[in-house]
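Let us walk through this structure step by step. We begin with charged side chains and end with a pocket.

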Amino acid sequence: MTDHSAPAIDPVDEVEQICRDLIRIDSSNYGDGSGPGEREAAEHVMGLLTEVGLDPFYAESEDRRGNVVVRLEGADPNRPALVVHGHTDVVPADAADWSVDPFSAEVRDGCIWGRGAVDMKDMDAMILATLRHLARTGTTPPRDLVFAFFADEEAGGTKGSHWMVDHHPELFEGATEAISEVGGYSVTIPRKDTGEQVRAYLLQTAEKGIAWLRLTAHGRAGHGSVPNDENAVVRLARAIERIDAHTWPRTYVASVRALLDGLSATTGTGYTDEDAAALLEHIGGARGFVLGTLQDTSNFTMLDSGYKHNVIPQTASACLDCRFLPGHEEELMATIRALAGEHVEVSVHHRDVALEAPFEGRLVDRMRDALQAEDPGSLLLPYCLSGGTDNKALSLLGITGYGFAPLRLPAELDFVGMFHGIDERIPVDSLHFGTRVLQRLLATC
């Protein structure tokens, strides 16, 4: 498989090019099947793997919706396998809003700019560079490593991770843990004792569940000039107002509590269950993700009603994006149905589980060690993600997932704000750092 006479290539030396090549492939996911799909990106991944002697598995859930999986055998076949995974789709980007072509992968100001630079072709590139290095050098990891590159994460994974779990669970046989995106990035906070700045890396140990709901109000159709006390639009509007006005109670799950306590202990800034605002100011742009995990949330995103100005429609509907903390799904659904009222039907368009993993164990210890080796004196803290990842699908196979895409970031960079945002970009130095950390982790985990 490996030509040991060939000079070894440091994965840090090729991660930038891999990332740029991936960004240049438009794999926009519009959520309705109308996009280009992930085939081109998946085929590019296949090429990078076969080039170094690997034999990856490729499958399409539908036309152009490509998924790639490859396994490296470890030194100890009795140890459970680790899944290292990413997704190759991205959310759409309107070029008119950007400073650069969002699919140009232009390098400017020390950063790679483009859609997917932070979500998550940066991590894909780090995984691929590390995997290629393992294959080239014939390195045997401590345990089996399963590398997966999924389609459709940006639309819930129905055509990607969930489809693969349903149709090809054998590919993940023996795996008990996984690492993927939206964790492992740094925030810079002050130490209370010295005032010096220290980097804290946020390991994603939990993520909220998803309930994408459709509210459909029913009423009596009629002429727009005639009074109507059963107007579906009005009934929907009242339901929207009630739900929007609802205050979800704060509940700190274990990962959120541990994060707040860790931040407080380091900075010396206190907090209460009712008010953590001053403490969260220390973490800059990451504050938005954390605020979304202090309670369940519900946000209206789309409306649909009627077909003519002078016709009162029989139905009116709205889309509601709900995110619930671990253990809160039934309570959230009951609350939404009660607030919607008797004339408004609540249906589930898409749902997925909430997750919470322990902030302890060998894998977590090795993550901390790898970070310390590259950034001595840094901290590792847990946190809960307000969004979701493909770890949800893998959890159905009993696999415990973490978010660990290690990135040492400039203190002033609003990293979290670039997820699904405009002018998405990743510092090249951060890519190099993350590749070194990932290489260390996979050699010792």
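A network of salt bridges links Glu14, Glu51, Arg132 and Arg136. The model is a predicted one. Across the whole structure, a search finds 25 salt bridges.

Take Lys159 and Glu62. Their side chains meet in a salt bridge, 2.6 Å from N to O. This pair links distant parts of the chain, 97 residues apart. Lys159 sits in the loop between β6 and α4, and Glu62 in the loop between β1 and β2. Lys159 is partly exposed, at 25% relative accessible area. Glu62 is partly exposed too, at 41%.

Now turn to helix α10, residues 362–374. Here Arg368 and Asp365 lie 3 residues apart, about one turn of the helix. They form a salt bridge, with the closest N and O atoms 3.3 Å apart. Arg368 has 28% relative accessibility and counts as partly exposed. Asp365 is partly exposed as well, at 33%.

Helix α10 also holds Glu374, which pairs with Arg440 in helix α12, 66 residues apart. In this salt bridge the closest N and O atoms are 2.7 Å apart. Is each partner buried or exposed? Glu374 is buried because its relative accessible area is 16%, under the 20% cut-off. Arg440, at 40%, is partly exposed.

Last comes the largest pocket. About 1,300 Å³ of space lies in it. Its lining has 49 residues, and Glu154, Ala155, Trp212, Asp321 and Arg323 lie nearest the centre. The elements giving two or more residues to this lining are α4, β10, β12, β14, β15 and α11. By class, the lining has 15 nonpolar, 19 polar and 15 charged residues.

Conventions:
Residues are numbered from 1 along each chain as its sequence is written. This is a predicted model: local features need pLDDT of at least 70, side-chain atom pairs count only at pLDDT 80 or more; totals for chains, interfaces and linings use all residues. Side-chain values use heavy atoms; hydrogens and water are left out. On a 1 Å grid over the protein atoms alone, a cavity is a set of points where a 1.4 Å probe fits but cannot get out, and a pocket is an open set with protein on both sides within 12 Å along at least five of seven lines; lining residues have an atom within 4 Å of a point. Grid points are joined across faces, edges and corners, and a volume is the space filled by probe spheres set on the points. Helices (H or I, at least four residues) and strands (E, at least two) are DSSP runs, numbered from the N terminus. Ala, Val, Leu, Ile, Met, Phe, Trp, Tyr, Cys and Pro count as nonpolar, Asp, Glu, Lys and Arg as charged, and the others, Gly among them, as polar. A salt bridge is a side-chain nitrogen of Lys or Arg within 4 Å of a carboxyl oxygen of Asp or Glu. Buried means under 20% relative accessible area, exposed over 50%, partly exposed in between (1.4 Å probe, protein chains only).
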